[in-house]
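Biologist: I am new to this structure and would like a close look at a single part of it. Could you walk me through one helix and its surroundings?

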Amino acid sequence: MLIRQGLLDKGGVVKIQDYPGYLPYCVLVIDELAQLAPKFAADNTEKAIRQEAQGCLTDILALARALGIHVILGTQGAYRDILPGEMKVNIPARLAFRCASPEGSEII
């Protein structure tokens, strides 16, 4: 990701669409996003690790669109603790196949 960002900086552009050469798009798939949620941690050490992982994922989402990285996040349950607001603002589109409750749909 940092290499891609460096290439765009050298090319003097902000978005991958404006890059003078060819850079392939990338797809990052994360299944079971709930596994990263600090809410479901067994102890404080695991909670700290999951919080750090969520912070890294938030950074990736913030740069993903400009760098040509498509991120697909999957989870079986829509809970507020799994997808915090810092992540939501960096996800341009969301899709739910089925929600068990209207609240789950509102969260997505």
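**A close look at helix H2**

Modeller: Helix H2 bends by about 25 degrees at Leu-61, where the bend at a residue is the angle between axes fitted to the seven residues ending there and the seven starting there. Before going further, please note that this is a predicted model, in which local features need pLDDT of at least 70 and side-chain atom pairs count only at pLDDT 80 or more, while totals for chains, interfaces and linings use all residues. Residues are numbered from 1 along each chain as its sequence is written, and side-chain values use heavy atoms, leaving out hydrogens and water.

H2 covers residues 44-67, 24 residues in total. Helices (H or I, at least four residues) and strands (E, at least two) are DSSP runs, numbered from the N terminus. The expected span of a helix is 1.5 Å times one less than its number of residues; for H2 this gives 34 Å, and the end C-alpha atoms are 34 Å apart, which agrees. After the helix comes Gly-68, with a positive phi near 75 degrees.

Now to the side of H2 that is hidden. Its buried residues are Arg-50, Gln-54, Leu-57, Thr-58, Leu-61, Ala-64 and Leu-67. Here buried means under 20% relative accessible area, exposed over 50%, and partly exposed in between (1.4 Å probe, protein chains only). These buried residues pack against helix H1 (2-11), strand S1 (26-30), strand S2 (69-73) and helix H3 (85-88), with contact meaning heavy atoms within 4.5 Å.

Leu-61, the site of the bend, is a good place to pause. Not counting residues up to four places away in sequence, Leu-61 touches Val-71, Leu-73, Met-87, Asn-90 and Ile-91. Leu-61 also belongs to the largest nonpolar core, which has ten residues, including Leu-57, Met-87 and Ile-91. A nonpolar core is a set of buried Ala, Val, Leu, Ile, Met, Phe, Trp, Tyr and Cys residues joined through side-chain atoms within 4.5 Å. A second, separate core of eight residues includes Leu-8, Ala-64, Leu-67 and Ile-69. In soluble globular proteins, nonpolar side chains tend to be buried together.

One partner of Leu-61 deserves its own word: Asn-90. Asn-90 lies in the loop between H3 and helix H4 (102-107), and counts as buried because its relative accessibility is 19%. Leaving aside residues up to four places away in sequence, Asn-90 touches Thr-58, Leu-61 and Ala-62.
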